[in-house]
Amino acid sequence: MLFWLKRVLVIIDDFRSFTEDILRVSATPSEKEGLLRSLEGLKTFSYLEELILDNNLLGNDLLLPRLPHLHTLTLNKNQITELESLLDHLAEVVPSLQYLSLLGNVACPNELVCKEKDEDDYQRYRYFVLHKLTNLKFLDTRKVTRREREEALVRGAFMKVVKPKDAKVGE
C-alpha cells in the first residue's frame, strides 16, 4: 500500500501497521505550505529502505534516526548549505546508503542553480561526497564510476568546499 503524507512517501507492506506512528511523520510540518522541518517521527521505521524528502525546508540541523536498511535518500531542493556535517551524519546513521541526491541545495554546487559554479566545482563536490560515503553507487543523477571512486580515495579528503569569508579580497 502506498501513501503520501505531506511531502513524505511512505510505503507500507501491511496495512495493519498503519498506526499513530506513521501519522507522527507528518505531524511536524512547518506552517509554510506544509513543508517538513523535522524527521523525528521516522525513528519507528527502522526497516525503511527508500526516503524521498524533496522540496521541503530541511536544513543543516537535519537529523535522521538510525535507518540501517535505507539505501535511497533524496533531499533535493531543501535548505542544506553545510555538506561535511551532513555527510558525517549520514555515514553514521544510514550505513547501507547507495543512492543520494542533493540537487537544488546550496551544499551541492551546480552550474544550473548557481551561475558562479561550474562542472569542476561539481566534480570536486562528487569526490568529497564519495570520500565520505564510500558505498554510494549513484550520486545525484549520475552513476559513480570506478575512476571517480579511485580519485575520491586519493584526493577526496582535499576536495572539501570551503565557504569564502564575507570580507573582500585584499582587505
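Modeller: A residue counts as buried when its relative accessible area is under 20%, as exposed when over 50%, and as partly exposed in between. The model discussed here is predicted.

Colleague: Is Glu148 buried or exposed?

Modeller: Glu148 lies in helix α4, which covers residues 146-155. The cut-off for buried is under 20%. Glu148 has a relative accessible area of 4%, so it is buried.

Colleague: With which residue does Glu148 form a salt bridge whose closest N and O atoms are 2.6 Å apart?

Modeller: The partner lies in helix α3, so the pair ties together parts that are 22 residues apart in sequence. The partner counts as buried, at 0% relative accessibility. The residue that forms this salt bridge with Glu148 is Arg126.

Colleague: How far apart are the closest N and O atoms in the salt bridge between Arg142 and Glu148?

Modeller: Arg142 counts as partly exposed, at 30% relative accessibility. A salt bridge needs a side-chain nitrogen of Lys or Arg within 4 Å of a carboxyl oxygen of Asp or Glu. For Arg142 and Glu148, the closest N and O atoms are apart by 3.7 Å.

Colleague: Which residue meets Asp88 in a salt bridge of 2.8 Å?

Modeller: Asp88 is in helix α2 (residues 83-93) and its partner is in helix α3 (residues 119-132), so the pair ties together parts that are 44 residues apart in sequence. Asp88 counts as partly exposed at 36% relative accessibility. The partner is partly exposed as well, with a relative accessible area of 23%. The side chain that meets Asp88 is that of Lys132.

Colleague: Which residue joins Asp88 and Lys132 in one network of salt bridges?

Modeller: A search of the whole structure finds 6 salt bridges. Some of them share partners, and the network with Asp88 and Lys132 also includes Glu84.

Colleague: Which strands stand at the edges of the sheet?

Modeller: The sheet is open, has 5 strands with mixed pairing, and follows the order β3-β4-β5-β6-β7. A strand at an edge has a single partner strand, so one side of it is left without a neighbour in the sheet. The edge strands, at residues 50-52 and 142-143, are β3 and β7.

Colleague: Which residue of β7 is the bridge partner of Phe138?

Modeller: Strand β6 (residues 138-139) and β7 run antiparallel and are joined by 2 bridges. In β7, the bridge partner of Phe138 is Lys143.

Colleague: How many helices and strands does the protein chain have?

Modeller: Along the sequence, the pattern is β-β-α-β-β-α-β-α-β-β-α. The chain has 171 residues, and 40% of them count as buried. Its elements number 4 helices and 7 strands.

Technical notes:
Residues are numbered from 1 along each chain as its sequence is written. This is a predicted model: local features need pLDDT of at least 70, side-chain atom pairs count only at pLDDT 80 or more; totals for chains, interfaces and linings use all residues. Side-chain values use heavy atoms; hydrogens and water are left out. Buried means under 20% relative accessible area, exposed over 50%, partly exposed in between (1.4 Å probe, protein chains only). Two strands pair if DSSP finds at least two bridges between them.
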